[in-house]
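Biologist: I've just pulled this one up and would like a quick tour. Shall we begin with the ligand?

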Amino acid sequence: MSINDKKICVMGLGYIGLPTASLLGTKGFDVHGVDVSQEVVDTINDGKIHIVEPDLDILVKSAVQAGNLKAGLEPVEADVFIIAVPTPFKGDHEPDLSYVESATRLISQYVKPGDLIILESTSPVGTTDEVVAGILRETGHDVDNDVFVAHCPERVLPGRILIELVENDRIVGGINPQATEKAVEFYNLFVRGEVLATDSRTAEMAKLTENSFRDVNIAFANELSLICDQESIDVWELISLANRHPRVTILKPGPGVGGHCIAVDPWFIVARSPEQAKLIKTARQVNDSKPEWVISKVKNSADKFKRPVIGCMGLAFKADVDDLRESPALNIVNRLVADDVGEVIVSEPNLTFHDSFELYSPEELIHKSDIILLLVDHKEFRNIKRQEFNEKVFIDTRGIVQ
Ligand code: SAJ
C-alpha cells in the first residue's frame, strides 16, 4: 500500500476525525471527510476549523489548499474508511452506539472488495465485530474474506492531538488476522510509534482499560482530598510527600473528572460486566460525586455573607483547552447559579465568548469577588499569589495557588 494512490474516507470530523483527516491529507493521502453538520463541512472546505486544538488550523488549511482534504455530508468510494464518531452513553450509563451504526450504514453503500474499515471510536468490547462488521455482513459484504474490518482506538490527549497522533504507539485489532495485518500496514504508513497487533476485542478492551486506569487513580486522589479535608491535612503537600516514595505516583485531586473519555469509557466496562467491575464502578461514583462536595464547600463559605460575589476561575474540563464537554467546572458554576448561592462571575481565558456568562480577566474577577473558586489549572491562573487577596475566601480545587 503506498500513500499517493490511497483514498481515505473519514466519518466524523470532530476532535479525532478532523485531526486524523488533515494529518493524512498533509501526508499525501487523498482524504474525504464526512460530517452530519453542513456548517462543519463548509468551515473545513474553507480551510478553517470549528474546534480549538494547537496547530490544527495550519494543518487543515494546508491539507485543503493542497487539494488533499475535502469535506461533505455523504461518503465517497475509498480504499480505507475510518469511523471516528462519538460513542456517548445514555441516561442509564448504557453505551449509545447509534452514531457508529449510522456511520457504518452510510459507508456500507460505498464499500467494495479489498477495502479496509477501521473503527477508531472508543467502543464496548464486541462492537467492531458485532456492530460494524455485523452491519457490513447484513448489507452483503464478505467481511470474512475480502472486506477487512479492524479497531484502532484513538489514544490522543486533547491539547497534544497532532503530536500524539503520530508519536503514540497504536493498538490495532482486526476481526480476523487478515484484517489485523491490513490495518497494521495502514497505520505504519504514518505512525512513528509502534503499531501493536492484537484482535479487535482486546483492542477495544485495551482502550477502556487505559481510561479506567486513569479514572480509578484520579478517584484515589479525590478520595484522599475528602479524607484530608476532614483531618485538616493539606492534600497537595501529602501527595507530594507520598510521591517521593520510588513506587508511588498519586494523581491530582480536582473538582471532578470531565471530558468525553475518562468519565464515559469505564461505564462501557461496567455495562457488560456489572458483577466484576466493582472497583471501576466505585471510582466513577467517587469522581462523579466530587462536584457536589465542591458545591457544598462554596455554600458553607457563602453562609458568612449576605450575598457574596463568587468568582469562578475556569469552565473547561481541564487545563489549557476550550472544551466544555462534560466539564465538572461548568456543572459546578451552573449549579451555583441555579441554587442562587450568590452573584456568580466567571473567568475562562480559553473562550472569547460564552452564552450565559460575561467573561472576566483573572485580575478583574479576583478584585470583584468575595469568594474565589479555582476550578481549572489553566496557565493564566498559575501565577496567582494567595497573599495578594488574603481577605477573601479562596477555594482552590486544583492546588495550584501558593
Ligand atoms: N484529572 C484530574 N486529576 C489528574 C488528571 C486528570 O482530576 O491527575 C481530570 C482532568 O482535569 C479532566 C479529566 O481528569 O477533567 C480527564 O483529563 P485527562 O487529561 O486525564 O484525559 P482526557 O480526557 O483529556 O484524555 C484521555 C487520555 N487517556 C489517558 O490519559 C489514559 C487520552 O490519551 C485519551 O485518548 C482520551 O482520554 C480519550 O479520547 O479517550
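Biologist: How far from an oxygen atom of the ligand is the backbone N or O atom of Phe-317?

Modeller: Bear in mind that this is a predicted model, where local features need pLDDT of at least 70 and side-chain atom pairs pLDDT 80 or more, while totals for chains, interfaces and linings use all residues. Residues are numbered from 1 along each chain as its sequence is written, and side-chain values use heavy atoms, leaving out hydrogens and water. A polar contact is a pair of N or O atoms within 3.5 Å (within protein, one donates a hydrogen and the other accepts it, and sequence neighbours count only through two side-chain atoms). For the Phe-317 backbone and a ligand oxygen, the distance is 2.7 Å.

Biologist: Which residue has a side-chain N or O atom 2.7 Å from an oxygen atom of the ligand?

Modeller: Arg-155 isn't the one, since what sits 2.8 Å from a ligand oxygen there is a polar backbone atom. The side chain you want, with its N or O atom at 2.7 Å, belongs to Lys-207.

Biologist: How many charged residues does the shell around the ligand have?

Modeller: There are 20 residues around the ligand, and Glu-154, Asn-211, Arg-214, Lys-252 and Phe-317 come nearest; a residue is near if one of its heavy atoms lies within 4 Å. Asp, Glu, Lys and Arg count as charged; Ala, Val, Leu, Ile, Met, Phe, Trp, Tyr, Cys and Pro as nonpolar; the others, Gly among them, as polar. On that split, nonpolar residues number nine, polar ones two, and charged ones nine.

Biologist: Which helix gives the largest share of that shell?

Modeller: Helices here are DSSP runs of H or I, at least four residues, and strands are runs of E, at least two, numbered from the N terminus. Five shell residues come from residues 200-231, the largest share, and that stretch is helix 8.

Biologist: Now the open sheet of eight strands: which are its edge strands?

Modeller: Two strands pair if DSSP finds at least two bridges between them. The order is 3-2-1-4-5-6-7-8, with mixed pairing. Pairing on one side only are the edges, strand 3 (69-72) and strand 8 (195-199).

Biologist: What is the bridge partner of Gly-173 in strand 8?

Modeller: Strand 7 (residues 170-174) pairs with strand 8 in the parallel sense, over five bridges. Across from Gly-173, in strand 8, is Thr-198.

Biologist: And in the sheet of four strands, which residue of strand 10 stands opposite Gly-311?

Modeller: That open sheet runs 10-9-11-12 with parallel pairing, and its edges are strand 10 (343-347) and strand 12 (393-396). Strand 9 (residues 309-313) is joined to strand 10 by five bridges, in the parallel sense. Opposite Gly-311 stands Ile-345.

Biologist: At about what angle to strand 11 does helix 11 run?

Modeller: Contact means heavy atoms within 4.5 Å. Axes are lines fitted to C-alpha atoms, for helices over the stretch in contact, and angles go from 0 to 180 degrees between N-to-C directions. Helix 11 (residues 278-302) lies across strand 9, strand 11 (371-374) and strand 12, and its angle to strand 11 is about 170°.

Biologist: What is the phi of Asp-55?

Modeller: Most residues other than glycine have a negative phi. Asp-55 sits in the loop between helix 2 (38-45) and helix 3 (56-65). It isn't a glycine, yet its phi is positive, about 70°.
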